[in-house]
Amino acid sequence: MSMRWGMTVPLGGVPLAEHAAVFTALADAGFTDAWTAEVAGTDAFTPLTLAAAWEPRLRLGTAIAPVYTRGPGLLAMTAAALAETAPGRFQFGIGASSPVVAGDWNAADFVKPFARSRDMLRFLRAALAGEMVDREFATFTVKRFRLERPPAVPPQLMLAALRPQMLHLAAAEADGVILNWLAATDVPTALAETKEAGPDFAVATRIFVVPTDDAGYARTLGRRLITSYLTVPAYAAFHRWLGREEILTPMWDAWERGDRKAALAAIPDALVDDLVVHGTPDVVRARVQAYADAGVTIPVMALLPTPELERGGFPALTALISALGHPSR
């Protein structure tokens, strides 16, 4: 049974300033980890800084901080500050993100994502160890940078990866890999590309969960998410690699035509059920555990809204957190 049990924070519908109670509820329920994302909501670091101060029982992780939206020095300083705030409890996940996040929203040139990720990984390894970095990398140059406050316990560096080249890079040079948007049955396919990793190699996976027994509601929400994510070129290529080209081509074709309704209708129930975990809390916990059984060491739920949560407010949320907690608590 997985010893790590994560939740994506912050949770929807709860102001960030009121998350102290959320972090306590997570820890009380047996959640060991709080992980953030960085798209267009909160940044990846502020919620974790609050969690570090408010709930010392939780381990912390970013999944992910994009490698384009901050300069190398600033990214190292931000990670070092959080590592100093929560020594030994922080895992630093980086990744390429997407052309929309990096380019359209942050005015960065989204070019050579593999090389940029590799270069940032190598820079951060040296910088967070307190070394002077004076080097011309393939995608950027850093001149005589040294952290003034290198963390006493440097964070583990994790790399978001989908396909073989990035998975091999994670195994060779990172302390762990971050997976996303795959079924539990897909995990062995991805991890087969990380065989050169050491025995302590961490594997984190964000798992979208809709804890409701209203399957129609969950599938409708899941279809919207699938069209939002799997039409992004990197995720489309990932699922082609996983063998889903035939299943997803009708959705991709409709999306390219601009027919959003047809794209949603083209997604079969079975695919939604594979990629989006839904059902009662007991069912959700069992299905999340299936990811751990397949090789994920840090399963991280991403809690999506349900009719029950909308009706019940914060008391329903805390009860749900307890119901979704670690099975062995």
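Q: Leaving aside its neighbours within four places in sequence, which residues is T32 in contact with?
A: T32 is in contact with M3, R4, W5, R57, L58 and R59, where contact means heavy atoms within 4.5 Å. This is a predicted model, in which local features need pLDDT of at least 70 and side-chain atom pairs count only at pLDDT 80 or more, while totals for chains, interfaces and linings use all residues. Residues are numbered from 1 along each chain as its sequence is written, and side-chain values use heavy atoms, with hydrogens and water left out.

Q: And where is T32 found?
A: T32 is in the loop between α1 (19–28) and β2 (33–36). Helices (H or I, at least four residues) and strands (E, at least two) are DSSP runs, numbered from the N terminus.

Q: What joins the side chains of T32 and D33?
A: The two side chains share a polar contact of 2.6 Å. Such a contact is a pair of N or O atoms within 3.5 Å; within protein, one must be able to donate a hydrogen and the other to accept it, and residues adjacent in sequence count only if both atoms are side-chain atoms.

Q: Turning to the rings, how many aromatic pairs are there?
A: Rings of Phe, Tyr and Trp (its six-membered ring) pair if their centres lie within 6.5 Å; planes under 30 degrees apart count as stacked, over 60 as edge-to-face and the rest as tilted. By this rule there are 13 aromatic pairs. One of them is the tilted pair of Y68 and F110, at 5.0 Å centre to centre with 40 degrees between the planes.

Q: Which parts does that pair tie together?
A: Y68 lies in the loop between β4 (65–66) and α3 (72–85) and F110 in the loop between α4 (99–104) and α5 (113–128), so the pair ties together parts that are 42 residues apart in sequence.

Q: Is Y68 buried or exposed?
A: Y68 is buried, at 9% relative accessibility, whereas F110 is partly exposed at 24%. Buried means under 20% relative accessible area, exposed over 50%, and partly exposed in between (1.4 Å probe, protein chains only).

Q: What about F90 and F92, what do they form?
A: F90 and F92 form a tilted aromatic pair, 5.8 Å centre to centre and 35 degrees between the planes. F90 is buried at 4% relative accessible area, and F92 is buried at 0%.

Q: Which residues do ring pairs link into a cluster?
A: The cluster consists of F123, F137, F140 and F145.

Q: Which ring does the charged end of R240 sit over?
A: R240 sits over the ring of W252, 4.2 Å from its centre. R260 lies over the face of W255, at 3.8 Å from the ring centre. The criterion is NZ of Lys or CZ of Arg within 6 Å of the ring centre and within 35 degrees of the ring normal.

Q: Where is the place of A83?
A: A83 belongs to helix α3 and is buried at 3% relative accessibility. Not counting residues up to four places away in sequence, A83 touches F90, P151, V153 and P155.

Q: And overall, how many helices and strands does the protein have?
A: The protein has 14 helices and twelve strands. Of its 329 residues, 53% count as buried. Residues 24 or more positions apart account for 73% of the contacts with a separation of 6 or more. The C-alpha atoms fill a box of roughly 55 × 45 × 35 Å, taken along the principal axes.
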